[in-house]
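Subject: Structure handover and notes

Dear colleague,

I am passing on the structure we spoke about, together with some notes on what was found in it. Please look through the sequence and the coordinates first, and then read on.

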Amino acid sequence: MSESIQLYSFVSFDRGSRVRWLANELGLSIEEHRLDARAGEHRGAEYRKINPTGLVPAIVQDGVTQFDSAAICLHLAETHRGAQLALFEGEPGRAEFLSWYFFAASTLDAATYPLMVYKMFQPDPAMLEASTQRLMPHLATLDRRMLGREWVCARFTIVDILLGHGLELQQRCDVNFAEYPALAAYHARLKARPAAAGLFAR
Ligand SMILES: N[C@@H](CCC(=O)N[C@@H](CS)C(=O)NCC(=O)O)C(=O)O
């Protein structure tokens, strides 16, 4: 049997929450290691032995160390294949799954990060508004995708977990989904999953 996942993060809503959400979906246990971001603990030599990039999240499990939330989620989904939380090699829809996964991990993530900066870390309403305007075409894309669909791919997958986290952050940064009803309904479905309950409140 595998040991608990040792998870290194700062707070409940950083990218570590993607790993927490997936662990809940998979019924895996987590031991939390909260780093002190203000003290720069993540940049120290000790933590860099776990994550050479000096960022969170990172995990250690059964002697294996891994960093980058999207890589961790893909690896966990692949090593718990029975839970069917990815579309796997050889399955129809695999190519499309990868496209949406990278959209969530790169395109949407990169467009969401400036909102966090200008809302929380260096508050600047004008820059927040400009960043929100740059995000909107991506939300329109996702809204079109979600018309008549429950999840982004043929079943609930780690794509939805990454997107659910992104939508949660955007809402914290005052993004209004009213123009995008299919997206708003998708966000509500994501938040209603038992594995997501209380996830961002801790
Ligand atoms: N692509 C990486 C991004 C990691 C990342 O930027 N993490 C943020 C917190 S969510 C961080 O560690 N920031 C600290 C810093 O920039 O010093 C992932 O998904 O894990």
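Over the face of which ring does Arg189 lie, and at what distance from the ring centre? Arg189 is placed over the face of Trp151, at 5.9 Å from the ring centre. Please keep in mind throughout that this is a predicted model. A second arginine in such a position is Arg193, which lies over the face of Phe156 at 3.5 Å from the ring centre.

Turning to contacts between rings, the structure holds seven aromatic pairs. One of them is formed by Trp21 and Phe200, and this pair is edge-to-face, with 6.5 Å from centre to centre and 80 degrees between the planes. Because Trp21 belongs to helix H1 while Phe200 sits in the segment after helix H7 (181-191), the pair ties together parts that are 179 residues apart in sequence. Trp21 and Phe200 are both buried.

The pair of Phe97 and Tyr101 has another geometry: the ring centres are 5.7 Å apart and the planes are at 10 degrees, so this pair is stacked, the cut-off for stacking being under 30 degrees. Both residues lie in helix H4 (residues 94-121), where they are four residues apart, about one turn of the helix. Phe97 has a relative accessible area of 0% and is therefore buried, and Tyr101, at 2% relative accessibility, counts as buried as well. Together with Phe102, Phe97 and Tyr101 form one aromatic cluster.

Helix H1, which spans residues 16-26 and contributes Trp21 to the edge-to-face pair, is mostly covered, since nine of its eleven residues are buried. Among these buried residues are Arg18 and Arg20, alongside Val19, Trp21, Leu22 and Leu26. The residue that follows H1 is Gly27, and its phi is positive, near 70 degrees.

Finally, a word on the cysteines, for which the general background is that a disulfide is a covalent bond between the sulfur atoms of two cysteines. The structure holds zero disulfides. Why does Cys73 not form one? The closest cysteine sulfur to that of Cys73 is in Cys153, and because it is 14 Å away, it is too far for a bond, the cut-off being within 2.5 Å. Cys73 counts as buried, at 0% relative accessibility, and Cys173 is buried too, with a relative accessible area of 2%.

With best regards

Technical notes:
Residues numbered from 1 in each chain as written. Predicted model: local features only at pLDDT ≥ 70, side-chain atom pairs only at ≥ 80, totals over all residues. Heavy atoms only, no water. Buried < 20%, exposed > 50% of the residue type's maximum accessible area, 1.4 Å probe, protein only. Helix = DSSP H or I, 4+ residues; strand = E, 2+ residues; numbered from the N terminus. Phe/Tyr/Trp six-rings, centres within 6.5 Å; stacked < 30°, edge-to-face > 60°. Lys NZ or Arg CZ within 6 Å of the ring centre and 35° of its normal.
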